[in-house]
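Here are some exercises on charges and cysteines, each with a worked solution. Have a look at the structure below, try each task, and then compare notes.

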Amino acid sequence: MEKVIVGGSDSYDTEQLKEFFEEGFRRIGLDVAHRAILVKPNLLSGKSPERAVTTHPLFLRALIETLKDNSCAVFLGDSPGFEPLERVLKNGGYTKMLRDLGVGITPFDQEIVKRTEGISPYREFLFGQDPARYDLVINAPKLKTHGMMGMTLGVKNTFGFIRGFAKGRWHLRAGRDRDLFASIIVDIHRIASPAVTILDGVLGMCGDGPSSGDAITCGIVGLSRSAFALDAFIEGHLCPGAVLPVTSCAARHGLIPEYEVIDLGLPPPPVSFPMPRACATDWSLPRPVKKLLRTILVRKPKADKSACRLCGICAKVCPAGAIHLGEKSPVFNYSACIRCYCCQEMCPHEAIRV
């Protein structure tokens with residue numbers, strides 16, 4: 001039976017986090033000593049850590065120090081949504097810490113074709129880095145809401161192995177079919193096959209995530225060999241009764257193992273944890289009904305003219321080519337828009353609303 005280790009921390013205290021990681025590794029029987037390890041955090045964009053957009057640098061410091069204490073060679077990599085990895089690390093306050101700790105920076109900028117017989121209709125995926133190059137992959141996601149998929153936790157975080165704008169092509173292939181996109185994410189996660197997923201939920205994000213939501217103190221840390229099990233538990237803890245697309249897809253295909261929860265001090269959930277306004281809440285309905293409701297009710301992205309600086313990033317990242325720049329703000333072609341909200345996710349000025 002898998003184990004989901006959960007605990008609490010009201011701050012990013014290094015020693016407290018290191019104790020949790022060491023105890024978590026012991027409880028799940030993971031020996032990390034003398035391994036070459038790739039740490040895959042959530043480095044969506046170079047915003048301040050207090051915005052809760054990325055895995056907090058102090059969380060990563062505690063994790064990396066734990067690995068270094070076990071004589072590991074540590075590498076860190078991701079493929080941010082739009083900015084170069086180096087800029088995200090610099091703007092987010094990671095660069096000096098990683099240099100001081102002797103961590104190798106690994107941009108996901110290669111073209112590695114990975115093949116799988118998975119649950120989606122697709123058999124080939126273009127990765128920006130080959131996880132098989134390392135002895136272990138440690139998945140270090142941020143606890144955040146997500147406009148299209150409800151939440152981005154452990155399984156969704158490994159979508160970052162897809163390099164750069166290739167992510168947009170997967171959005172385009174899936175279109176408005178969130179179940180299909182969930183199956184793609186599940187296949188990518190199973191290829192990446194992290195040895196352990198360690199969730200930073202000390203400071204999380206609610207509302208219109210994953211980049212424009214509200215930071216919220218959750219005080220949660222979690223660890224499991226199975227990201228499917230960890231995600232299922234966290235979703236149930238924060239949003240009782242909600243079964244979001246990735247977890248729902250995993251459950252249909254028997255990918256969520258039986259698991260026991262080992263509670264090392266999990267705090268109660270926040271009194272209120274608002275989900276994204278764009279997030280569907282109809283997952284338990286029959287598929288034909290869901291399709292009709294989505295067509296009618298799913299929110300459209302809109303520009304906030306007072307915040308827009310006409311930088312053009314929304315148009316560049318739109319996988320459907322549904323945005324062009326007008327004289328004062330972006331103009332949306334809603335018949336082409338697939339409601340992936342990449343425009344909102346990547347806008348550096350938070351000028352896209354849903």
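**Exercise 1. Find the strand that holds K302, and the charged patch to which K302 belongs.**

Step 1: K302 sits in strand β13, residues 302–303. Helices (H or I, at least four residues) and strands (E, at least two) are DSSP runs, numbered from the N terminus.

Step 2: On the surface, K302 joins R176, R299 and K300 in a patch of positive charge. Patches take residues with over 30% relative accessible area and no salt bridge, joining like charges within 9 Å. Lys and Arg count as positive and Asp and Glu as negative, while His and the chain ends are not counted. Each charge is placed at NZ of Lys, CZ of Arg, CG of Asp or CD of Glu.

Before going on, a word on the model: it is predicted, so local features need pLDDT of at least 70 and side-chain atom pairs count only at pLDDT 80 or more, whereas totals for chains, interfaces and linings use all residues. Residues are numbered from 1 along each chain as its sequence is written, and side-chain values use heavy atoms, with hydrogens and water left out.

**Exercise 2. Locate the patch of negative charge that includes D10, and say whether D10 is buried or exposed.**

Step 1: The patch is made of D10, D13, E15 and E19, on the surface.

Step 2: D10 belongs to the loop between β1 (2–8) and α1 (14–28).

Step 3: With a relative accessible area of 71%, D10 is exposed. The classes are buried (under 20% relative accessible area), exposed (over 50%) and partly exposed in between, with a 1.4 Å probe and protein chains only.

**Exercise 3. Count the salt bridges, then examine three pairs.**

Step 1: The count is 17 salt bridges, each being a side-chain nitrogen of Lys or Arg within 4 Å of a carboxyl oxygen of Asp or Glu.

Step 2: Take E65 and K18, whose closest N and O atoms are 3.4 Å apart. This pair links distant parts of the chain, since E65 is in helix α2 (residues 57–69) and K18 in helix α1, 47 residues apart. E65 is buried at 18%, and K18 is buried at 12%.

Step 3: Next comes E124 with R115, where the closest N and O atoms are 2.9 Å apart. E124 is partly exposed at 43%, and R115 is exposed at 61%.

Step 4: R123 pairs with E117 at 3.2 Å between the closest N and O atoms. R123 is partly exposed at 33%, while E117 is exposed at 69%.

Step 5: Salt bridges with shared partners also join K18, R61, E65 and D69 into one network.

**Exercise 4. Explain why C206 forms no disulfide with C218.**

Step 1: A disulfide is a pair of cysteine sulfur atoms within 2.5 Å. The whole structure holds 0 disulfides.

Step 2: The closest cysteine sulfur to that of C206 is in C218, and the two are too far apart for a bond because 7.4 Å lies between them.

Step 3: Look at burial too: C206 is buried at 6% relative accessibility, and C239 is buried at 9%.

**Exercise 5. How far apart are K3 and A229 in sequence and in space?**

Step 1: Start with K3, which lies in strand β1 and is partly exposed at 25% relative accessibility.

Step 2: K3 and A229 are 226 residues apart in sequence, yet 8.3 Å apart in space, C-alpha to C-alpha.

Technical notes:
Patches are made of residues with over 30% relative accessible area and no salt bridge: like charges are joined within 9 Å, nonpolar side chains (Val, Leu, Ile, Met, Phe, Trp, Tyr) within 5 Å. Accessible areas come from the Shrake-Rupley method with a 1.4 Å probe; for residues, only the protein chains shown count as cover.
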